[in-house]
Amino acid sequence: SMGDGTSSTVNYLSSMITPSSTVITGFAFKPAEDIELNDGEFLCFGSVAENKDNHFKLETSQGRHIKCYGDDTYLGTVKNCLFKDKWNHIQLKITFGTSGSYEIKINDVTVLSDTGVTTSDGGSTACDFVRLRGLNGGDTSSTTHLYDDWYICDTTGSNNTDFLGAVKIETLLPNGAGSSSDFTPSAGSNYENVDEVPIDTTTYNESLATSGNKDLFNIDNLSAISGDVKGVQVT
């Protein structure tokens, strides 16, 4: 959840990625209740390496529309697609450049697309971050955007090179000791020191200068996902 109180520029979630000329991203989005009172940017693409902050961006408009911009130039509007306190799944595929292209999907239906348009800041074709922003001007429940199940892909390799659809992301936590517990726990069982959300650094496992030591853990089973697994991230 993201709101801010003063300015959305100081409250955002930015994901760094390998510099890419084409990026595909998707997420579930429930706009703040006060969205019609305070429109603003909620998604943008750019390049930290090249100091480019506005390759492409989406803004809310009049509480129910989405406007899109390339290099701060207006490209089009998706009308009547946002409803306060209601979830929608938004996906974008963007090829960056002065003759770029974009496609926007809402709930897996293409609602706006174009080719041969400027989709980058200053002509750059590299994107190395995707950023979600909070609603400008508030930090209460009525002024807080909600995001969930965010994915980012590029077109390299042979897997996950296009829209993934309305995917679900599930966090699995250690729920028991595995076949190896070589590290020394600060307290309790080893797995109990690494099963917190959010992370608690007051408890930990350590191994000092002993090559080959490892901790293994049993992990919760999937409960929310029943289809194909698109990817796994270990944190």
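What share of the contacts in the chain with a separation of 6 or more comes from residues 24 or more positions apart? In this predicted model, the share is 63%. The text below starts with the chain as a whole and then turns to single residues.

The chain has 235 residues, and buried residues make up 40% of them. Its secondary structure consists of 15 strands and zero helices. Taken along the principal axes, a box of roughly 60 × 40 × 35 Å holds the C-alpha atoms. The accessible surface comes to about 12500 Å², and carbon and sulfur atoms account for 46% of that area. As for charge, the chain carries 15 positive and 32 negative charges, and the mean positions of the two groups lie 10 Å apart.

In soluble globular proteins, nonpolar side chains tend to be buried together. Here, the largest nonpolar core has 28 residues, and Phe 45 and Leu 58 are those with the most contacts inside it. A second core, separate from that one, has six residues, among them Ile 24, Cys 153, Phe 163 and Val 167. Phe 45 is worth a visit in the structure above. Leaving aside neighbours within four places in sequence, its contacts include Val 23 and Thr 25, then Asp 53, Asn 54, His 55 and Phe 56. Further along the chain, Phe 45 also touches Leu 92, Ile 94 and Phe 96, as well as Cys 127, Phe 129 and Val 130.

Side chains of opposite charge can pair when their charged atoms come close. The structure holds five salt bridges. In one of them, Glu 41 pairs with Arg 133, with 3.1 Å between the closest N and O atoms. Glu 41 belongs to strand β3 (residues 41-47) and Arg 133 to strand β10 (residues 127-133), so this pair ties together parts that are 92 residues apart in sequence. Are these two partners buried or exposed? Both Glu 41 and Arg 133 are buried.

Strand β10 also supplies a partner for another pair: Asp 53 and Arg 131 meet through their side chains in a salt bridge with an N to O distance of 3.2 Å. Asp 53 sits in strand β4 (residues 52-61) and Arg 131 in strand β10, and this link joins distant parts of the chain, 78 residues apart. The two partners fall into separate exposure classes: Asp 53 has 33% relative accessibility, so it counts as partly exposed, while Arg 131 has 9% and therefore counts as buried.

A further salt bridge brings together the side chains of Lys 93 and Asp 162, at 3.6 Å from N to O. Lys 93 lies in strand β7 (residues 88-95), whereas Asp 162 lies in the loop between β11 (146-154) and β12 (174-181), so the pair ties together parts 69 residues apart in sequence. Lys 93 is partly exposed because its relative accessibility is 24%, and Asp 162, at 35%, is partly exposed too. Elsewhere, Lys 57, Glu 59 and Asp 72 are joined in a network of salt bridges.

Lys 93 has other company besides Asp 162. Beyond its neighbours within four places in sequence, Lys 93 is in contact with Thr 22, Val 23 and Ile 24, with Ser 101, Tyr 102 and Glu 103, and with Asp 162 and Phe 163. The C-alpha atoms of Lys 93 and Ile 104 are 6.8 Å apart in space, while the two residues are 11 apart in sequence.

Strand β7 is also the place of His 89. With a relative accessibility of 8%, His 89 counts as buried. Again leaving aside neighbours within four places, His 89 has contacts that include Gly 26, Phe 27 and Ala 28, along with Lys 105, Ile 106 and Asn 107. Tyr 151, Gly 165, Ala 166 and Val 167 are in contact with His 89 as well.

Some details of the backbone complete the picture. The peptide bond from Val 197 to Pro 198 is cis, with omega near -5°. Pro 198 is found in the loop between β13 (184-185) and β14 (205-206). Which residue in the loop between β3 and β4 stands out here? Asn 51 lies in that loop, and although it is not a glycine, Asn 51 has a positive phi of about 55°. At 71% relative accessibility, Asn 51 counts as exposed. Ala 209, also a residue other than glycine, has a positive phi near 55°. Ala 209 sits in the loop between β14 and β15 (215-219) and is exposed, with a relative accessible area of 85%.

Key: Residues numbered from 1 in each chain as written. Predicted model: local features only at pLDDT ≥ 70, side-chain atom pairs only at ≥ 80, totals over all residues. Heavy atoms only, no water. Salt bridge = Lys/Arg side-chain N within 4 Å of Asp/Glu carboxyl O. Helix = DSSP H or I, 4+ residues; strand = E, 2+ residues; numbered from the N terminus. Buried < 20%, exposed > 50% of the residue type's maximum accessible area, 1.4 Å probe, protein only. Contact = heavy atoms within 4.5 Å. Areas by Shrake-Rupley, 256 points an atom, 1.4 Å probe, with all protein chains shown as cover. Lys, Arg positive; Asp, Glu negative; His and termini not counted. Charge placed at Lys NZ, Arg CZ, Asp CG, Glu CD. Core = buried A, V, L, I, M, F, W, Y, C linked by side-chain atoms within 4.5 Å.
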